[in-house]
Amino acid sequence: MRSKAIRVIGAAAVGMSLLAACSQSTDDKKAEPGASGAAGGAGNCATQRTVDNARKLPEAKPAGLKGDFKVALVRQSGVGDYFEQWGDGATKQIKAAGGSVTVYDARGNNATQVSQLDQAINAKPDVIIVDHGLADSVNPKIDDAIAKGIPVVVYDVAISNCKATYISQDDASIADKILGYMKQDNPSGGKLAYVNVSGIAPLDSRDKVYQQFLKDNPTFTQKARFGKYTESVAADTATEGTAALSAAPDTTLAFAAYDELAKGTLIALRQNGMTNKVKVYGVDVSTADIQLMTEAGSPWRATAATDPANVGAVVARASIAAAGKVDLPQKMTIPATLITQDTLKANGVTNMDTLRKALPELATPDVLGAPWITPIRPGA
C-alpha cells in the first residue's frame, strides 16, 4: 500500500485535558431539544437517536468510494496519551484503506475549531470527522458541511443534525461496570468520596448511573464530593480533594469518573496519609494510568475503559464508509472493558501494548469492518 500524506494544522497547545475537549456545557444540553440543524430535520434528534451497534457494512466496496479519498479530521485534543493514541488509530486506519487525512487541531480553543471547520469545508474533502468539541460551536458548521454534500462523522459531541453519524463510548455501561466491581470488591458497602464535575456530557451520563447506584445500594454512602475542571485537572482536583478528604477522614472508597480526576484523588490521598485506607475506582486507561495502578501500595483498584486507538479506528471506518456514500446508523456506542489491578499484575501489564495482549476484547475489528477496509492492529 503506497503511503498517503498526513498534514497537521493546529493551534498552540494550551495543556487542556480530555474534559476540555469532550463535552458540551449545561447551556448546550438545554439548547439541544430545540436545536434544528439546517440539514438535519427534526430538532430533537440529538436526544432521540437510536443506538445501532449491529450495523454491518456491505461486503463489496461501494462504487462511491474513490481510490484516493480525502478525510478532514477536526479535533479538540488535550494533554496525555489518550488523544495521541486516538488520533494514531484513526489516521492509521484511514491510510490503510487508501485515503489521506488532514488533521486540524484546535487544542481547546473553540473559536479556532470553528475556523478550522470552515477551512475543512472549503477544502471539499470526501468526509469530515469531528473529534470532540463544544456543541454550540460545531453544530452550525456540521450543518454547513452536510448542506454542501460533505458527510460528517462525530465523536463525543452532542450534535443536532440527524444526518451526521454520532459515535461515543457507552458511558452508562462504563459507570455500571466500574460501580458493579466496586460493590463486588466491597460487599459490605463503604463511605464514598465522589470525584466528578457537572455539565460535561459523558460525565453527566456517568453521574446518572452513580446516583441510581446510591439509591439501589444504601450501604454505600457519600461522605465527600470534589473535582475541578481546569487546564490542570489532576493538580487542581488534588488541591480541592485534600481539603474535602481532610473533612471526611472516615472515607473508605473513592469513585472518580475520569482518569485525570482519579490521578488528582491519588495525590489528595497521599497528602492526607490515606492511601492505605481508601480504595479508588476510576474510568479510562492509559500507560500512565497503568503505571499508577500497578505501583507498590497503589489504592487504584480498577478502571473501566475502551482502547483509545481502537476507538479512533472505529470512527475512521465509519468515515471511510461515509466517504463511499454508505448508509450509516445515526448512533453507535463502543462498549467498555473492566480492567482490575489484579488483572494487570497477574499478566505483567506495564503499558497499553501489553494491556492489549492481556485483554484482546479491547479490540473490536468487526465493528464497521469490511473486506474492502484493510484492518489495522490498534497501537501497533
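Which residues of α9 meet which residues of α10? In this predicted model, local features need pLDDT of at least 70 and side-chain atom pairs count only at pLDDT 80 or more, whereas totals for chains, interfaces and linings use all residues. Residues are numbered from 1 along each chain as its sequence is written, and side-chain values use heavy atoms, with hydrogens and water left out.

On the α9 side, the contact (heavy atoms within 4.5 Å) involves Val 233, Ala 234, Thr 237, Ala 238, Gly 241, Thr 242 and Leu 245, which meet Glu 260, Leu 261, Lys 263, Gly 264, Thr 265, Ile 267, Ala 268, Leu 269 and Gln 271 of α10. By class, this contact of α9 with α10 comprises 8 nonpolar, 6 polar and 2 charged residues, where Ala, Val, Leu, Ile, Met, Phe, Trp, Tyr, Cys and Pro count as nonpolar, Asp, Glu, Lys and Arg as charged, and the others, Gly among them, as polar. Helices (H or I, at least four residues) and strands (E, at least two) are DSSP runs numbered from the N terminus. The axes of α9 (residues 233–246) and α10 (residues 259–271) come within 7 Å and cross at roughly 45°; axes are lines fitted to C-alpha atoms, for helices over the stretch in contact, and angles run from 0 to 180 degrees between N-to-C directions. The angle makes α9 oblique to α10, since angles under 35 degrees count as roughly parallel, over 145 as roughly antiparallel, 65 to 115 as roughly perpendicular and the rest as oblique. The crossing of α9 past α10 is right-handed, that is, the near helix is turned clockwise from the far one by less than a right angle, an anticlockwise turn being left-handed.

Helix α10 also packs against α11 (residues 287–294), their axes coming within 11 Å and crossing at roughly 35°, in a left-handed crossing. Here Asp 259, Lys 263 and Leu 266 of α10 meet Ala 288, Asp 289 and Leu 292 of α11, a contact with 3 nonpolar, no polar and 3 charged residues.

For α7 (residues 171–185) and α8, the axes come within 8 Å and cross at roughly 40°, which makes α7 oblique to α8; the crossing is right-handed. The residues in this contact include Leu 179 and Met 182 of α7 and Val 209 and Phe 213 of α8, and its residues divide into 9 nonpolar, 1 polar and 4 charged. Helix α8 (residues 201–216) further lies across β7 (190–195), β8, β9 (253–256) and β10, running at about 145° to β8.

These strands belong to an open, mixed sheet of 6 strands in the order β8-β7-β9-β10-β11-β13, in which strands pair if DSSP finds at least two bridges between them. Its edge strands, β8 (220–226) and β13 (337–340), each pair on one side only, and neighbouring strands are turned by 20° against each other on average, direction ignored. Within the sheet, β10 (residues 279–283) and β11 (residues 300–305) run parallel and are joined by 4 bridges, Tyr 281 having Ala 302 in β11 as its bridge partner.
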